[in-house]
Amino acid sequence: MGLGRGPAGGGPAQPEGSGTAAVKRNWQAADDTMLVIAIGRWKEEALAEAYRRHGGAVYSLARKVLGEQLSAEEVTQDVFLRLWEEPERFDPGRGSLRAYLLTQAHGRAVDRLRQDTARWERQVKQARLTAQAGYDLEEEVWDLTMAERVKEALAGLSDGERRAIELAYFGGHTYREVASLLQEPEGTVKSRIRSGLRRMHVSLVAARGDS
Amino acid sequence: MDHDEVQQLLGAYALDAVDPDEAEAVRDHLSSCPRCRDELATYRLAAAALGPAGGDAPPGVWDRIAGRLTDSPPPLRLVRPPAARRSRWASWGARVGAAAAAAAIAFLGWDVSHLDARLGRLQAAVSRSGVAQAAGAAALAPGSRRVELRSSTSRLQAVVVIRPNGQGFLVSTTLPPLPPGRTYQLWGLSGTRLVSLGLLGRAPAPSAFRVGGGTRALMITAEPAGGVSAPDTPVLVRGALSTT
C-alpha cells in the first residue's frame, strides 16, 4: 500500500510526535515521492527533510538570478510554503522533486526581477556588456556546482543556442530581450532556445542511460 | 495563438522568457494539448539541470518557513448541505439512488475532510505515470472486478476495474472534455460517507485510485479545478459495487 490514503473513510491527520530520532531516520530513508506524500498528510518533518535536501539548490538558483541574498531567501521560503500548501502540483511522472522546485524557484525569481525596474535595468546593462564580451558559462564559478553530465550536455550545443539559453535562464531575460542583446532576429533566438533545450534533454537522457 | 505558434514558444516559456500575454496564451493552449505539455516537461527538465547540483540550505530560512506552517493540519470540515440548496441535493439524490442518498443525508452531511481532497489530488498526480499499463494488467488479473458507471440515460459511461487489494483504475469513459477551470472528480460511497477518491482532470485518462473496503458505490461529478471536499454538482455517472 505504497500510495495509501489516510485512515479508512478519510479521518483527519494524526498529530505527529515531534522530531524523535526514529522519525528523523525514517524521513531520511524515504525517497522524494514518499516525502511529498507525507507532506500531503501535513507531516512537518517531511517538509523539513525536503528542505534539507533541496533548499540549498533552490536558494542558489534564486540567488544566481536575483543577485542578492534577501530576495533569494524570500523566494526559497515561498517555494517550500507552496510545496506545503499544494504538494499535489508536483507530478513525479514529469521529473524529480528537485527539478520541480527549481522550476518554481526560477519562475518566482524572474517575476521579482521584472517587478524591480531599477535592478532590471542594471541587469540589462550588465548583460549587454557580457553579451558583447562573449558570455561563457564555463568561466562562471557556477560551473563548479554543475554536474559533469550537464556540462557535457551544454558542450553539445551550438554557441548561439548556449548563449541564448544562458541569458534567458540565468539573466531572467525574455527571448525578445535576448534577441536585442545579441542583435539577432527574435524568431532565431526563440528557435535556438527550443532546439538547445531539446538537444540538452536528449543528451541528459542518454547520459542517464549510460550510467 | 495556434498549436504551431505555441510550440515555437515552448522553449522560451520553459525558461520563463516570454512576455506575460504570451505566457497566458501558452498556458491556455497547454490546458488542452497533452503533446505540448509533454514537450514542455522535457524542456523544464533540461532547464532545471542547469541549476545547482547541491549547496547548503541557508540557515534561518527554515525557521521562517516552519513559523508559517501554523495552520496545519486544518480542522476536519463537516460540510452540511445548506437548506437553500435542498433542490439541488434532491436531484443529486435521485441520481445516486434513494437509499444511498437517504443514508448519506441522515448522516447530517458529508464527512469528507479537506484532507481527503488534498490527498486525492496528490494521489492522482502520483499515479499518472505508467497508469495505463497498470490498468491494463488489472483488467486481466484474476479476481478483479469490472464496474460500469452510467448516467441515468446511459449516454455517459465509465468503466472501472478494481483489484482484490482495493487498487482501482478508471479504464475508459465517454465523459466529454470539460471547459477550462473544471475537473471530473471521483467519489466513493463508504457506509454513509462520501469520500473523494481523486481528481480525473478535464479529459479523463486512465487513472489509479484506491477503494476502501466498505465502498458501496462509485460516482463522478464535474467540479471546479482543484476539486471540492464535498460534491457540489449532480452526479454524472454512478455504479454500485457488488459485495461478494
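Mentor: Before we start, angles under 35 degrees count as roughly parallel, over 145 as roughly antiparallel, 65 to 115 as roughly perpendicular and the rest as oblique. Keep in mind that this is a predicted model.

Trainee: Okay, how are α8(A) and α9(A) set relative to each other: parallel, antiparallel, perpendicular or oblique?

Mentor: Helix α8 covers residues 159-169 of chain A and helix α9 covers residues 175-182, and they pack at an angle of about 125° with their axes 9 Å apart. An angle counts as roughly perpendicular from 65 to 115 and as roughly antiparallel over 145. About 125° fits neither range, so the two helices are oblique.

Trainee: Which residues make that contact, and how many of them are nonpolar, polar and charged?

Mentor: From α8(A) you get Arg163(A), Ala164(A), Leu167(A) and Ala168(A), and from α9(A) Tyr175(A), Val178(A), Leu181(A) and Leu182(A). Arg counts as charged, while Ala, Leu, Tyr and Val count as nonpolar. That splits the contact into 7 nonpolar, no polar and 1 charged.

Trainee: And what is the handedness of the crossing?

Mentor: Look at how α8(A) and α9(A) cross where they pack, at about 125°. Their crossing is right-handed.

Trainee: Moving along chain A, is Gln183(A) buried or exposed?

Mentor: Gln183(A) sits in the loop between α9 and α10, and its phi is near 55°, a positive value in a residue other than glycine. The cut-off for exposed is 12 or fewer C-beta neighbours within 10 Å. Gln183(A) has 8, so it counts as exposed.

Trainee: Asp16(B) has a phi near 55° as well. Is Asp16(B) buried or exposed?

Mentor: Asp16(B) is in a loop too, the one between α1 and α2 of chain B. A residue needs 20 or more C-beta neighbours to be buried. Asp16(B) has 23 inside 10 Å, so it counts as buried.

Trainee: What about Ala158(B), in strand β2 of chain B: which residues is it in contact with, beyond four places in sequence?

Mentor: Ala158(B) has 26 C-beta neighbours inside 10 Å, so it counts as buried. Its C-alpha atom is separated by 8.6 Å from that of Arg238(B), 80 residues apart along the chain. Its contacts beyond four places are Leu149(B), Leu170(B), Thr173(B), Leu175(B), Ile220(B) and Val237(B).

Trainee: Where in chain A does pLDDT stay under 50?

Mentor: The mean pLDDT of chain A is 78, and 74% of its residues reach 70 or more. Where pLDDT is low, the predicted coordinates should not be read in detail. One stretch under 50 has 40 contacts beyond four places in sequence, and another has 9. Those stretches are residues 1-23 and residues 134-141.

Key:
Residues are numbered from 1 along each chain as its sequence is written. Chains are lettered from A and ligands numbered from 1 in the order in which they are written. This is a predicted model: local features need pLDDT of at least 70, side-chain atom pairs count only at pLDDT 80 or more; totals for chains, interfaces and linings use all residues. pLDDT is the predictor's confidence in each residue, from 0 to 100. Two residues are in contact if their C-beta atoms, placed from the backbone, lie within 7 Å. Axes are lines fitted to C-alpha atoms, for helices over the stretch in contact, and angles run from 0 to 180 degrees between N-to-C directions. Helices (H or I, at least four residues) and strands (E, at least two) are DSSP runs, numbered from the N terminus. A crossing is left-handed if the near helix is turned anticlockwise from the far one by less than a right angle, and right-handed if clockwise.
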